[in-house]
Amino acid sequence: MSAQRKNLLFLMTDHQRYDTIDMIQSGREVTPNLNKLARSGIVCERAYTTCPLCVPARTALASGVYPTTSGVVYNDWEDRTAKPMATIHDILKENGYRVGHIGVDHIKVLPPLKDRGYDCFYSDREYEREAKDKGLILKDREDITYVQEKCDDIMGTQGYSGVRVSEWAYPTEEFKDICFLKQAVQFLEQVEGERPFALFVYLWAPHPPLKVPKPYSEMYNPDELVLPDHLGVPAWEEPQSRRLGPAAQLAEGVPEEHWKRVWAAYLGLTSLADDVIGKLMEKIEEMGVKEETAVIFTADHGDNLGQHRMYQKMEMYEECIHIPLILHLPGQGSGTIKELVSHLDIVPTVCQIAGVPCSGLEGISLYEFLQPGRSTDRHAVFSQYSGTYGYGFIRRAVITETEKYVFDEYGQEEYYRLDEDPCERKNLAGDPIYRKERKRLHEICKAYHQAHGDYFQWEKAEERRAGNGVV
């Protein structure tokens with residue numbers, strides 16, 4: 001890198017699966033613009049989110065602090081767990097960057113992002129106020145599916161966006177992400193000629209509800225799609241407690257024909273987000289700052305989309321926690337990072353791109369992976385789920401180069417050989433052949449989470465495991 005600080009364009013989608021990159025459906029690329037970015041940049045093949053849920057994932061990514069450490073472990077809309085924490089936005093602002101945040105604001109810190117004095121702040125709340133003034137109805141009760149879920153140790157009814165598919169009822173230019181695009185372009189025009197700038201664009205798509213504007217609603221023919229062959233099939237020896245979670249309940253009773261419509265809508269929204277990203281890349285090139293601008297793309301988490309007979313996120317399957325991560329770093333060329341990468345690595349990476357100091361972070365700069373012949377001592381990354389609307393169903397996971405281990409509050413376990421079973425179709429936790437590996441990963445997972453402020457009662461869950469006859 002040159003001594004001159006690089007601009008930053010940080011792009012994030014919501015619910016986008018890692019396998020949508022380079023995917024071909026209905027005879028077309030689902031993400032042509034991200035594919036182009038990947039060819040000219042660095043692709044992280046084994047990147048994982050810290051949580052398969054919006055707020056914890058986004059807060060961890062922005063702060064560089066693991067969810068159990070920060071305490072932001074569920075979608076805390078009332079800011080009960082938010083704490084004074086610096087974000088990467090703040091670090092760059094304090095070091096002379098013009099900072100803009102456009103899009104979804106699910107980062108829970110005090111004071112909130114909107115009150116931190118950035119050069120531009122436009123979130124989903126601003127969009128919703130403007131949409132209301134225009135008479136747009138954004139929420140439809142028919143889109144909501146109700147499930148039974150534990151929240152703060154009480155079982156109750158919670159609503160989620162379900163599998164209903166519909167067409168966006170208004171002009172495409174009124175769709176949320178198209179409005180985000182307009183705001184982002186305005187920010188870039190305001191800072192043109194000024195250096196450096198950092199623009200964070202957090203898109204909504206392909207998040208449900210699956211309301212898809214034209215032409216994206218007609219882009220993928222459900223009957224032409226090639227879908228996973230284990231759609232609607234739970235893993236062999238799946239823990240019984242997995243059927244209690246919201247992801248399993250949301251997928252119950254959905255026929256295969258409807259999953260085709262769900263996938264067609266989801267892919268349409270994914271292509272919409274990709275088009276927005278392409279427009280932003282064109283703007284950067286038009287401004288003449290492409291070679292001075294680092295671009296980072298990722299998603300907060302993925303989506304089961306019917307695999308394992310589950311919908312949305314909130315579980316530890318690859319479709320949920322294995323996320324896309326692409327970096328275009330000026331002067332670094334193209335390539336791949338095959339080692340395990342965590343969302344926690346993004347803040348240290350951005351700091352190194354910007355040439356600004358950072359300390360007290362839990363990740364490492366991805367530049368460490370790019371040095372010829374350089375390897376790291378990292379052999380595992382971690383993810384957690386603690387409930388959606390409050391403390392609820394617990395999942396703790398550790399992922400290694402070849403394995404994944406998951407433990408829950410009922411003492412039930414999952415163990416997958418990712419090298420042999422990448423779709424996680426066979427849970428081997430009960431196989432005595434893998435007893436040693438399962439116990440080793442259990443201790444690694446437990447030690448990491450306890451060292452990172454975990455409130456989860458590990459010993460109590462281990463007693464339940466023993467009661468289940470597992471040693």
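Here is a chat between a visitor and a guide about this predicted model.

Visitor: Which residues of the largest nonpolar core touch the most other members?
Guide: Let's start in the middle of things. This core holds 129 residues, and its largest share, 15 residues, comes from helix 8 (residues 256-286). The members that touch the most others are Leu92 and Leu325.

Visitor: What does Leu325 touch, leaving out residues up to four places away in sequence?
Guide: Take the list in stretches along the chain. There are Ile296, Phe297 and Thr298, and further along Val341, Ile346 and Leu366. The rest of the list is Ile42, Val43, Cys44 and Ala47.

Visitor: How many residues are in the other core, the one that lies apart?
Guide: Among its members are Leu344, Ile394, Tyr434 and Ala461. That core lies apart from the largest one and has 19 residues.

Visitor: How far does helix 8 reach from its first C-alpha to its last?
Guide: Helix 8 has 31 residues, and at 1.5 Å a residue you'd expect 45 Å. The model comes close to that expected span, with a reach of 45 Å.

Visitor: Why is helix 8 described as largely enclosed by the rest of the structure?
Guide: Burial here is a matter of relative accessible area, with the cut-off at under 20%. Helix 8 is largely enclosed because the buried residues number 23 of the 31.

Visitor: Is Thr270 buried or exposed?
Guide: Thr270 sits in helix 8. Its contacts, not counting residues up to four places away in sequence, are Gln16, Thr20, Val30, Thr31 and Pro206. Its relative accessibility is 1%, so Thr270 counts as buried.

Visitor: Is helix 6 roughly parallel or roughly antiparallel to helix 8?
Guide: The axes of helix 6 (residues 176-191) and helix 8 come within 10 Å and cross at roughly 10°. Angles under 35 degrees count as roughly parallel. So helix 6 against helix 8 is roughly parallel.

Visitor: How many nonpolar residues does the contact of helix 6 with helix 8 have?
Guide: Helix 6 brings Asp177, Ile178, Leu181, Ala184, Val185, Leu188 and Glu189, while helix 8 brings Leu272, Val276, Lys279, Leu280, Lys283 and Ile284. Sorted by class, that contact has no polar residues, four charged ones, and a nonpolar count of nine.

Visitor: And helix 11 with helix 12: roughly parallel or roughly antiparallel?
Guide: Helix 11 (residues 435-451) and helix 12 (residues 458-467) pack with their axes 12 Å apart, at an angle of about 155°. Angles over 145 degrees count as roughly antiparallel. So this pair is roughly antiparallel.

Visitor: How many charged residues are in the contact of helix 11 with helix 12?
Guide: From helix 11 come Arg438, His442, Cys445, Lys446, His449 and Gln450, and from helix 12 come Trp458, Glu459, Glu462 and Arg465. By class there are two nonpolar and three polar residues, and the charged count is five.

Visitor: How many residues of helix 2 are buried?
Guide: Helix 2 covers residues 54-63 and is mostly covered. Its buried residues include Arg58, along with Cys54, Val55 and Leu61. The buried count for its 10 residues is 10.

Visitor: Which residue with positive phi follows helix 8?
Guide: Its phi is near 75°. The residue is found in the loop between helix 8 and strand 14, and at 52% relative accessibility it counts as exposed. Its C-alpha is 9.6 Å from that of Gly193, 95 residues away along the chain. The residue is Gly288.

Visitor: Is His308 buried or exposed?
Guide: His308 has a positive phi of about 60° although it isn't a glycine. It is found in the loop between strand 14 (293-299) and helix 9 (318-321). With a relative accessible area of 1%, His308 is buried.

Visitor: What is the omega of the cis peptide bond from Lys214 to Pro215?
Guide: Pro215 is found in the loop between strand 13 and helix 7 (246-251). The bond leading into it from Lys214 is cis, with omega near 0°.

Definitions and conventions: Residues numbered from 1 in each chain as written. Predicted model: local features only at pLDDT ≥ 70, side-chain atom pairs only at ≥ 80, totals over all residues. Heavy atoms only, no water. Core = buried A, V, L, I, M, F, W, Y, C linked by side-chain atoms within 4.5 Å. Buried < 20%, exposed > 50% of the residue type's maximum accessible area, 1.4 Å probe, protein only. Helix = DSSP H or I, 4+ residues; strand = E, 2+ residues; numbered from the N terminus. Contact = heavy atoms within 4.5 Å. Expected span 1.5 Å × (residues − 1). Axes fitted to C-alpha atoms, helices over the stretch in contact; angles between N-to-C directions. Parallel < 35°, antiparallel > 145°, perpendicular 65-115°, else oblique. Nonpolar A, V, L, I, M, F, W, Y, C, P; charged D, E, K, R; others polar.
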